[in-house]
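Q: Pick one spot in this model and zoom in on it for me. Then work outward from there, with the numbers that back each step.

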Amino acid sequence: MEYLLEQIASYRKEIEGYQISNPQQLEEFRIKFLGTRGLTKSLFAEMKNVPNEKKKEFGQVLNDFKQFAEKKFEHAKASTGNNQSSDNEELDLSLPGDAIQIGARHPITLVRNRMVSIFQRLGFSIADGPEIEDDWHNFTALNLPENHPARDMQDTFYIHQKPDWLLRTHTSNVQIREMQKGKLPIRIICPGRVYRNETVSARSHCFFHQVEGLYIDENVSFADLKQTLYFFVKEMFGKDVKVRFRPSYFPFTEPSAEMDISCFICEGKGCRICKHTGWVEILGCGMVHPAVLENCSIDSNKYTGYAFGMGVERPALLLYDVNDIRLFSENDARFLKQFGSAV
Ligand code: DAH
């Protein structure tokens, strides 16, 4: 019995000093101390040789020893990372690591950021508004009362439980929200997502993005609008791009215009992209209608302003030579990662 206790004490010492730094050493330890033919097992087998009155004492020492060995084993198992299987592959720290996939900015984000930063340099600040909007902010306040025919072009999705709520059809709702705040002058740029009840095809989608601009102050004129947009076009599409304004109609501006740029794919010669006209329409604009100012409690005798709104998808299609608008929202990483280095 004395001899056995001494042996247990020396095994304990051995376990204490046992170095386990890889799965192989862990397995060796297990076999030696805890295996079916290991030391613990053979010590238990000695029980039959221990006198009856000492059996209890010896059993306790032995159980303690077994727990001690098991603890050491569990601890080493966790720290060698070998806690799933007994496969004894060594960890090779010299192997090259798995490359971390770095995401890329979405092409729509890239184009939007470029647009916004050009206007920021001109002193415009960013304003934001809700995508779920009420009828008044999206239509009525913009001089588009119920049953106005111009609503036809902007059919959208309505919220069942709240028929007055809809998914905004343009970012022009942000104009109204900013004007309502009553702080003048206003010089804002509003990027955001908008929705229309459109059939999804290569050229149109039921959601897309716009960037809206609004400048309200005393003595703001159409000349200011043109000058600002000329600057924008040169910065965005290049110095040689030509610009033309066509008279148009929007209920919220008077006069209203649409702005085209010369097709920078064919340099105005005519191609599939510009439908052989040499021009590509990129935005709508005009002088804010006095009724819109008054709807937002702004004195239209004192203040004037201009506004414009443009889509992001179309310039993105042109700039990156993409031929299907649906690609922008399919989340196919093979498509999206091509724009990683684009700016
Ligand atoms: N909201 C118009 C649309 O979605 C675009 C637009 C045109 C915005 C003229 C304006 C503007 O601010 O002045 O078709």
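A: Let's start at Q154, which counts as buried at 13% relative accessibility, because the cut-off for that label is under 20%. Bear in mind throughout that this is a predicted model. Along the chain, Q154 sits in the loop between α6 (135–138) and β3 (158–159). So what does Q154 touch, not counting residues up to four places away in sequence? The list is F139, T169, H170 and R196. With T169 there is also a polar contact between the two side chains, at 2.5 Å.

Moving outward, the big organizing piece to look at is a sheet. It is open, has 7 strands with mixed pairing, and reads β1-β5-β6-β10-β9-β8-β7 in order. β1 (125–126) and β7 are the edge strands, each pairing on one side only. Look at β8 (residues 253–262) beside β9: the two run antiparallel and are joined by 8 bridges. One handy register mark is S262, which stands opposite W279 in β9. Against the sheet packs helix α8, touching β7, β8, β9 and β10, with its direction at about 150° to that of β9.

Strand β8 has an oddity of its own. P255 is found in this strand, and the peptide bond joining E254 to P255 is cis, with omega about -5°. The bond from L184 to P185 is cis as well, omega near -5°; that proline is in the loop between α7 (172–180) and β5 (186–195). If you're checking backbone torsions, add E267 to the list: its phi is near 55°, a positive value in a residue other than glycine. E267 belongs to the loop between β8 and β9 and is exposed, at 64% relative accessible area. D321 also has phi near 55°, again positive without being a glycine. It lies in the loop between α10 (313–320) and α11 (333–336), and with 61% relative accessible area D321 is exposed too.

Now back to the sheet for its charges. R246 and E281 form a salt bridge, with the closest N and O atoms 3.9 Å apart. That pair ties together distant parts of the chain, since R246 is in strand β7 (residues 243–250) and E281 in strand β9 (residues 279–288), 35 residues apart. Both ends are partly exposed: R246 has a relative accessible area of 26% and E281 one of 35%. The pair isn't alone, either: R244, R246, E258, D260 and E281 are linked in a network of salt bridges.

Which other pairs are worth a click? Try K302 and E218, whose side chains meet in a salt bridge at 3.9 Å, N to O. Here the two residues are 84 apart in sequence, K302 being in the loop between α9 (290–295) and β10 (304–311) and E218 in the loop between β6 (207–217) and α8 (222–237). K302 is partly exposed at 45%, and E218 is partly exposed at 40%. For a local contrast, take K66 and E70, a salt bridge with its closest N and O atoms 3.8 Å apart. Both residues lie in helix α4 (residues 52–80), 4 residues apart, or about one turn of the helix. K66 counts as partly exposed at 32%, and E70 does too at 33%. Side chains of opposite charge can pair when their charged atoms come close. The whole count comes to 16 salt bridges.

Last stop, the cysteines. How many disulfides does a search of the whole structure find? The answer is 0. Take C285 as a case: its sulfur is 15 Å from the closest cysteine sulfur, the one in C190, so it is too far for a bond. A disulfide needs the two sulfurs within 2.5 Å. For C296 the closest cysteine sulfur is again in C190, this time 13 Å away, and that is also too far. Both residues are tucked away from solvent: C285 is buried, with a relative accessible area of 2%, and C296 is buried at 5%.

Key:
Residues numbered from 1 in each chain as written. Predicted model: local features only at pLDDT ≥ 70, side-chain atom pairs only at ≥ 80, totals over all residues. Heavy atoms only, no water. Buried < 20%, exposed > 50% of the residue type's maximum accessible area, 1.4 Å probe, protein only. Polar contact = N/O pair within 3.5 Å; in protein donor to acceptor, adjacent residues only side chain to side chain. Contact = heavy atoms within 4.5 Å. Salt bridge = Lys/Arg side-chain N within 4 Å of Asp/Glu carboxyl O. Pairing = 2+ DSSP bridges. Axes fitted to C-alpha atoms, helices over the stretch in contact; angles between N-to-C directions.
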